[in-house]
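I opened this entry to look up two things, a sheet and the surroundings of a ligand. My notes follow in the order in which I looked.

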Amino acid sequence: MPRLAIAPEVHSDLGALASPAREEAVVSLRRFLRGATSAPHPERVRNTRDPRVATMRLTDRHRGVVVRQRDVYWMLTVQPDAEAWSYAQRHRFAVNAAAGMAEIWDAAALESVEPALRRAAGSAARRLFAHVCDTDLLGLGIDTWLLPLVRLMASETALDAVEPLIPESQFAPLSVLAAGGSIAEAWRALDACAAVPAGPIDVSDLGAALDRTPSRAVFVADAEELDHLLDRPQWCGFPYAVQYRIAYHDVHDGPVLVTGGAGTGKTVLALHRAAHLARTGGGRVLVVTFSQATAADLTAKLDLLVDDTRVRDRIEVGNVERLAHRVVAEAEGRPPLLVGPPDLASLWQEAAELYGTTHSPAFLLREWEQVILAQNLCTLQEYLSAARPGRGVDLDRGERAEVWRAIEHVTGRLRETGRRTLLQLATRASTLLGRTTGDLLDDAPGGEPYRHIVVDEAQDLHPAQWRLLRAAVPAGPDDLFIVGDPHQRVFDTRVALSSLGVKAETYRLTVSRRLPREILTWAVRLRGGGPVDGLVDGVTELAGFRAGQEGPRPVVREYVSPQAELAGLVTQVGEWLAEGVPARAVAVAARSAGLVRDVKAALREAGLAVRATPLHGLKGLEFRRVALIGVAEGVVPAPGSLTPAEEDPTARAHDLQRERGLLYMACTRATERLYVSYSGRASPFLPP
Ligand SMILES: Nc1ncnc2c1ncn2[C@@H]1O[C@H](COP(=O)(O)OP(=O)(O)OP(=O)(O)O)[C@@H](O)[C@H]1O
């Protein structure tokens with residue numbers, strides 16, 4: 001029987017076909033898998049660059065392009081006849097001699113750039129890879145067919161120009177060598193492209209190479225497996241090599257931290273890991289995310305990824321607040337009472353007035369959350385000797401004692417009325433769990449506690465919440481799997497995991513699978529501000545963060561008045577919907593609640609039923625079209641959320657960075673188009 005491997009492009013090509021053609025093509029593939037007499041068969045194509053390539057008729061107008069070797073058929077794309085023949089003629093296929101993965105490249109396009117490379121090389125004093133011998137290049141898996149082209153390159157620009165035309169596993173080691181890296185570093189770059197470690201490699205064994213390349217080929221044994229692969233989104237069946245390597249690694253010895261820019265596939269990776277742990281791990285898996293909206297999104301994605309209900313039932317999705325609530329409720333025998341923000345604000349006001357402190361209510365709140373709760377300081381003595389990282393104003397002993405009294409007033413009033421803040425709840429829950437790890441969570445089927453916790457959007461967790469998560473899972477292999485992006489932080493919680501005793505093995509993802517290059521470049525300019533701290537030791541840079549696709553540039557519109565801006569928004573959204581973009585794929589957001597209300601009213605009046613939300617509401621989500629309005633001076637950054645510089649310049653700088661992170665996060669939700677508008681003067685965050 002033939003062994004059929006499907007490439008991700010077949011998934012998207014079939015998805016793009018109109019309904020009867022798609023069904024016809026799938027029926028043909030099913031017949032092929034059954035070996036039916038009427039099944040499509042490989043037909044030779046004239047003038048191919050690789051004799052193993054053929055096409056198979058799948059509908060009266062479409063063909064699948066396959067590379068055949070013995071019983072293995074690797075189907076690469078499904079195209080109308082002429083395009084399928086052209087594709088078959090243009091491409092070459094090989095097995096990487098060093099890392100063993102299957103590779104494919106557009107040889108015709110490379111041949112057409114060869115004369116330009118030769119001309120540039122003629123006038124160059126030195127070739128880019130003159131310092132590396134052929135043996136080393138071949139040892140790094142550089143293909144013998146590509147080698148002469150590599151030898152012609154005279155500059156990094158030449159290498160960058162061919163990047164889209166050659167496999168990543170060829171480009172990655174070359175780019176390291178071009179930048180002056182060593183052979184060992186180039187090897188590491190090549191290793192990073194592999195989904196599985198290679199073992200012995202036989203370059204003539206296509207089947208074994210495809211097994212090592214799960215991001216490019218999935219074998220389907222029968223019609224059921226074929227339907228299963230095609231009916232789910234592409235990310236379910238084809239994790240990228242780096243996602244596969246981390247997510248399907250047998251056992252990570254302890255915590256794992258994966259960072260990466262917006263849209264680099266962290267959430268998808270976290271979901272694959274959660275699924276893998278639920279299938280193979282030692283107990284229940286808790287997936288922690290930011291909000292109810294992101295929890296609903298992750299739940300829906302997990303339902304798609306994991307269809308075995310027994311495995312799915314082992315995974316729970318929630319946020320830290322829910323976990324804290326549940327632990328405390330179970331220990332205390334009744335649901336805890338929470339204090340609302342207005343009541344809390346008036347308590348801080350009262351404390352500032354009563355104790356005549358020179359510090360504002362907002363200062364006291366930050367001191368409580370960022371110093372006292374962050375370090376779980378329980379006595380004045382502890383507070384007097386504590387470090388106050390991130391706080392810009394020094395406090396002497398007398399001032400600290402005064403601040404402590406004010407804080408005790410608030411905590412005392414909360415105690416009297418039986419109310420708590422969310423961070424207090426987290427602290428209480430971690431204390432309870434610290435005493436009895438797991439036992440308080442045993443109302444699950446089977447009675448076991450969480451054995452694994454997977455954390456998405458980790459950049460915004462407070463130390464008190466980290467302590468809760470740490471206490472909710474026994475320390476050991478595969479205990480914590482954490483993904484996050486410090487550049488997207490929207491709260492002022494800058495904590496390095498190691499400072500909380502979480503020593504994680506770290507990985508970094510660099511290619512955005514969501515953002516077109518134009519939006520990414522613009523958003524990175526907007527983010528500016530250089531490296532940021534949080535999660536990792538030291539800082540995270542945006543350097544190396546790049547996009548995998550092209551697209552239109554963001555549109556920035558200036559209007560003469562807020563009314564004109566709303567009218568412009570309505571026109572823009574109307575145009576998107578008229579183009580056929582579904583309403584659920586469009587989001588509109590603004591910084592202030594008032595503006596969101598105006599947007600909702602304007603959209604309602606125009607009969608446009610798209611999501612409108614504050615900027616925070618976009619966190620963790622993505623949409624084909626995103627419109628951000630009111631990105632004006634005096635609105636973004638929101639003046640009310642900035643600490644006055646005279647009160648605490650460091651806190652103000654942090655507030656500004658957080659506001660910038662918020663706008664950056666919102667801009668990076670768009671997969672296709674980003675529209676930004678303002679009336680009056682532009683927000684100082686917008687790039688010139
Ligand atoms: N293996 C894959 N195959 C196809 N698409 C993928 C794959 N991995 C991720 N994607 C797509 O890339 C986009 C970004 O992925 P994801 O949401 O996981 O990124 P992220 O790093 O969590 O983003 P952010 O931090 O900005 O929320 C999504 O549209 C997702 O479906």
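I took helices (H or I, at least four residues) and strands (E, at least two) as DSSP runs numbered from the N terminus, and I counted two strands as paired if DSSP finds at least two bridges between them. The model is predicted, so that local features need pLDDT of at least 70 and side-chain atom pairs count only at pLDDT 80 or more, while totals for chains, interfaces and linings use all residues. Residues are numbered from 1 along each chain as its sequence is written.

Sheet. I found an open sheet of five strands in the order 21-25-24-22-23, with parallel pairing. Its edges are strand 21 (555–559) and strand 23 (611–614), each of which pairs on one side only. On average, neighbouring strands are turned by 20 degrees against each other, direction ignored, with axes being lines fitted to C-alpha atoms. I then followed strand 22 (residues 586–590), which runs parallel to strand 23 and is joined to it by four bridges; Ala589 has Thr613 in strand 23 as its bridge partner.

Ligand. Which residues are closest to the ligand? I noted Ala262, Gly265, Lys266, Thr267 and Arg513, out of 21 that surround the ligand (C-beta atom, placed from the backbone, within 6 Å). Helix 12 (234–237), helix 14 (266–280) and strand 17 (511–516) each supply at least two residues of this shell, and helix 14 gives the largest share, three residues. At least three shell residues come from each of domain 3 (239–329 + 428–544) and domain 5 (554–679), with bounds from an automatic or database domain assignment.

Definitions and conventions: Axes are lines fitted to C-alpha atoms, for helices over the stretch in contact, and angles run from 0 to 180 degrees between N-to-C directions.
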